[in-house]
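Here are a few notes to go with the structure you asked about. Have a look at it first, then read the points in order.

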Amino acid sequence: MAEEEAIRAASEELACQFQTLINTQEVESIRHIQHLILGRLQDSNAVLSHFNEYSERCFTELSGDFSRNTRLLKSIKSDLDYIFMKLRDDDVHSATLYLPKLI
C-alpha cells in the first residue's frame with residue numbers, strides 16, 4: 001500500500017513537472033495552425049478530386065479518337081515503309097541497269 005502511494009505521488013509530481021514545461025498558449029497556437037492546415041489540405045483534396053473526375057470524363061470522351069488515330073498512324077507508317085522499300089529497290093535496279101551504259 002505504501003508502495004502504491006509512493007508510485008502515485010511520483011506520477012503526480014511528474015505530471016506537475018510536465019505541466020510546467022508546456023505553455024498552454026503555444027499548444028493552442030499549434031492546434032490552431034494544425035486546424036488551418038487541415039482545412040487547406042481538405043480544400044486541396046476537393047480540388048484534386050474534381051480535377052480527377054474531369055480528367056476521367058475527358059479521357060473517356062477522347063479515348064476512342066486516340067485509338068482510331070493510333071491505328072491510322074500505324075497504317076500510314078506501314079504504307080510509308082512499303083513505299084520507301086520500293087523506292088530503294090527501284091534505286092538499286094536503276095543503278096544496275098543504267099549506270100554501266102553511262103560509263
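1. A quick word on terms before anything else: helices here are DSSP runs of H or I with at least four residues, numbered from the N terminus. Keep in mind, too, that this is a predicted model.

2. What is the chain built from? The protein chain has two helices and zero strands. Helix H2 covers residues 24-102, and the residues picked out below include several from that helix, such as serine 29 and phenylalanine 84.

3. Now the overall shape. The C-alpha trace of the protein chain spans about 120 × 35 × 30 Å along its principal axes. The radius of gyration tells a matching story: the chain has 39 Å, whereas a compact globule of 103 residues would come out near 13 Å. For a local feel of this, take serine 29 and aspartate 43: they sit 14 residues apart along the chain, and their C-alpha atoms are separated by 21 Å.

4. How much of the chain is buried? Of its 103 residues, 0% count as buried. The protein chain exposes about 10,000 Å², and 62% of that comes from carbon and sulfur atoms. Serine 29 gives you one example: it counts as partly exposed because its relative accessible area is 38%, which lies between the 20% and 50% cut-offs.

5. On to charges. The protein chain carries 11 positive and 17 negative charges, and the mean positions of the two sets are 20 Å apart. A search of the whole structure turns up three salt bridges, so here they are one by one, with the spacing along the helix for each.

6. Arginine 31 pairs with glutamate 28 in a salt bridge, with 3.0 Å between the closest N and O atoms. Why can these two line up along the helix? They are three residues apart in helix H2, so about one helical turn separates them. Glutamate 28 is partly exposed, as its relative accessible area is 44%.

7. Aspartate 65 and arginine 68 make another salt bridge, and their closest N and O atoms are 2.7 Å apart. These two are also three residues apart in helix H2, and therefore separated by about one helical turn. Both partners are partly exposed: aspartate 65 has 31% relative accessibility, and arginine 68 has a relative accessible area of 46%.

8. Lysine 77 forms a salt bridge with aspartate 81, the closest N and O atoms being 2.8 Å apart. Here the partners are four residues apart in helix H2, which again puts about one helical turn between them. Is lysine 77 buried or exposed? At 53% relative accessibility, lysine 77 counts as exposed, because the cut-off for that label is over 50%. Aspartate 81, with a relative accessible area of 42%, is partly exposed.

9. Last, look at the nonpolar surface. Leu72, Leu73, Ile76, Leu80, Tyr82, Ile83, Phe84, Met85 and Leu87 form a nonpolar patch there, with about 870 Å² of accessible area together. One of these residues, phenylalanine 84, lies in helix H2 and counts as partly exposed because its relative accessibility is 45%.

Notes: Residues numbered from 1 in each chain as written. Predicted model: local features only at pLDDT ≥ 70, side-chain atom pairs only at ≥ 80, totals over all residues. Heavy atoms only, no water. Patch = residues over 30% accessible without salt bridge, like charges linked within 9 Å, V, L, I, M, F, W, Y side chains within 5 Å. Areas by Shrake-Rupley, 256 points an atom, 1.4 Å probe, with all protein chains shown as cover. Salt bridge = Lys/Arg side-chain N within 4 Å of Asp/Glu carboxyl O. Buried < 20%, exposed > 50% of the residue type's maximum accessible area, 1.4 Å probe, protein only. Rg over C-alpha atoms; globule rule 2.2 N^0.38 Å. Lys, Arg positive; Asp, Glu negative; His and termini not counted. Charge placed at Lys NZ, Arg CZ, Asp CG, Glu CD.
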